[in-house]
Amino acid sequence: MMKHTIPVPEPVLLDVVDSTNTYARTHFDQLPDGTMVAARCQTAGRGRRGRAWLSPAGQNIYATFLFKHLADGFHGGCLVGVGALACLREAAPGVDAFLKWPNDLYVRERKLAGLLCESARIEAGRITGAVAGIGINVNLPPEELLSVDQPATSLLAEEKREFNLEILTKRLAETVFRYYITYLNSADALLAEWRSANRLIGRKISVTDSYGSTHEGIFRAISADGSMIFEENGQMKCFTCCDVKINRESVDWNHLT
Ligand code: BTN
């Protein structure tokens with residue numbers, strides 16, 4: 001019997017762009033569902049909380065995926081998070097990467113990749129379309145990692161070898177698209193994988209809320225809408241990534257294995 005597979009949409013490969021997220025949002029209606037927009041270099045790469053994302057030419061992956069059929073906006077970040085993790089585990093099995101809620105990819109206490117998911121279509125008050133961009137530090141040498149505003153790592157720093165960016169970018173497009181197809185059939189399976197890839201669950205952490213107050217407690221679970229269930233003095237609280245920041249010095253990184 002013939003096996004039917006949905007072909008991966010042709011990626012948009014740019015040389016220089018301000019931000020692949022901005023490009024994907026501007027061209028959202030024209031590009032096919034599931035398309036990846038990647039660039040060799042970004043002149044105004046954006047991170048979360050208004051930060052800039054270091055985007056030198058030809059060293060890292062800067063890629064954004066367009067999703068047009070999401071049941072909830074935050075699922076876009078989950079799709080790229082688990083897809084990128086699977087892709088990196090295959091390309092660099094010796095690198096013990098994991099997800100740090102909500103969607104950063106870490107190796108020990110260092111950030112390997114960051115994700116920025118933005119809404120692109122709202123229907124009947126619900127986000128159904130989003131762009132989810134990921135920046136992965138691939139061939140950034142150790143001396144350049146020092147210029148990142150937080151402890152960071154790259155595949156090169158971890159494995160002491162260079163990675164072929166073209167092949168890795170192509171695999172990323174294929175892997176994320178495969179997860180998207182799975183998601184369209186069963187969102188629950190994808191969300192379960194996303195939850196279990198988050199190693200902070202069950203750990204003692206401190207968080208700072210949007211009013212600047214610090215809370216000490218235990219990261220108990222991730223709820224259906226992607227927020228963190230946090231136990232503080234025996235009371236359960238719910239935080240979204242918009243209203244809370246995990247204080248990185250509170251995490252016992254050595255035990256997140
Ligand atoms: C963060 O951790 O703060 C999120 C970083 C997201 C960076 C990526 S690089 C590709 C895409 N385009 C952008 O401008 N940002 C995202």
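**View A. Polar contacts of the ligand in the predicted model.** A polar backbone atom of Arg48 lies 2.7 Å from an oxygen atom of the ligand. Ser19 uses its side chain: an N or O atom there is 2.7 Å from an oxygen atom of the ligand. Gln42 also contributes a side chain, with a polar atom 2.9 Å from a nitrogen atom of the ligand. The ligand taken alone exposes 410 Å², and the protein buries 100% of that area.

**View B. The pocket and the shell around the ligand.** The second largest pocket holds the ligand. Four elements each give two or more residues to the shell: helix 1 (20-26), strand 3 (61-67), strand 6 (110-123) and strand 7 (126-136). Strand 6 gives the most, with 4 residues. In total, 21 residues surround the ligand. The closest are Ser19, Gln42, Arg46, Arg48 and Lys111. Sorted by class, the shell has 10 polar, 6 nonpolar and 5 charged residues.

**View C. The hairpin of strand 5 and strand 6.** Strand 5 covers residues 104-107 and runs antiparallel to strand 6. The two are joined by 3 bridges. Tyr106 has Lys111 of strand 6 as its bridge partner. Lys111 is also among the closest residues to the ligand. The hairpin has 2 residues between the strands. Arg108 takes a positive phi here, near 50 degrees.

**View D. The hairpin of strand 6 and strand 7.** Pairing is antiparallel again, over 10 bridges. Glu123 has Arg126 of strand 7 as its bridge partner. Between the strands lie 2 residues. Ala124 sits in the turn and has a positive phi of about 50 degrees. Strand 6 and strand 7 both give two or more residues to the shell around the ligand.

**View E. The cis peptide bond from Trp101 to Pro102.** Omega for this bond is near 0 degrees. Pro102 is placed in the loop between strand 4 (97-100) and strand 5. Strand 5 is the strand joined to strand 6 by 3 bridges.

**View F. Arg49 in the loop between strand 2 and strand 3.** Arg49 is not a glycine, yet has a positive phi of about 55 degrees. Strand 2 spans residues 36-42. At the other side of the loop, strand 3 is one of the elements that give two or more residues to the shell around the ligand. Arg48 contacts a ligand oxygen through a polar backbone atom at 2.7 Å.

Definitions and conventions
Residues are numbered from 1 along each chain as its sequence is written. This is a predicted model: local features need pLDDT of at least 70, side-chain atom pairs count only at pLDDT 80 or more; totals for chains, interfaces and linings use all residues. Side-chain values use heavy atoms; hydrogens and water are left out. A residue is near a molecule or strand if one of its heavy atoms lies within 4 Å of it. A polar contact is a pair of N or O atoms within 3.5 Å; within protein, one must be able to donate a hydrogen and the other to accept it, and residues adjacent in sequence count only if both atoms are side-chain atoms. Accessible areas come from the Shrake-Rupley method with a 1.4 Å probe; for residues, only the protein chains shown count as cover. On a 1 Å grid over the protein atoms alone, a cavity is a set of points where a 1.4 Å probe fits but cannot get out, and a pocket is an open set with protein on both sides within 12 Å along at least five of seven lines; lining residues have an atom within 4 Å of a point. A molecule sits in a cavity or pocket if more than half of its atoms lie within 2 Å of its grid points. Ala, Val, Leu, Ile, Met, Phe, Trp, Tyr, Cys and Pro count as nonpolar, Asp, Glu, Lys and Arg as charged, and the others, Gly among them, as polar. Two strands pair if DSSP finds at least two bridges between them.
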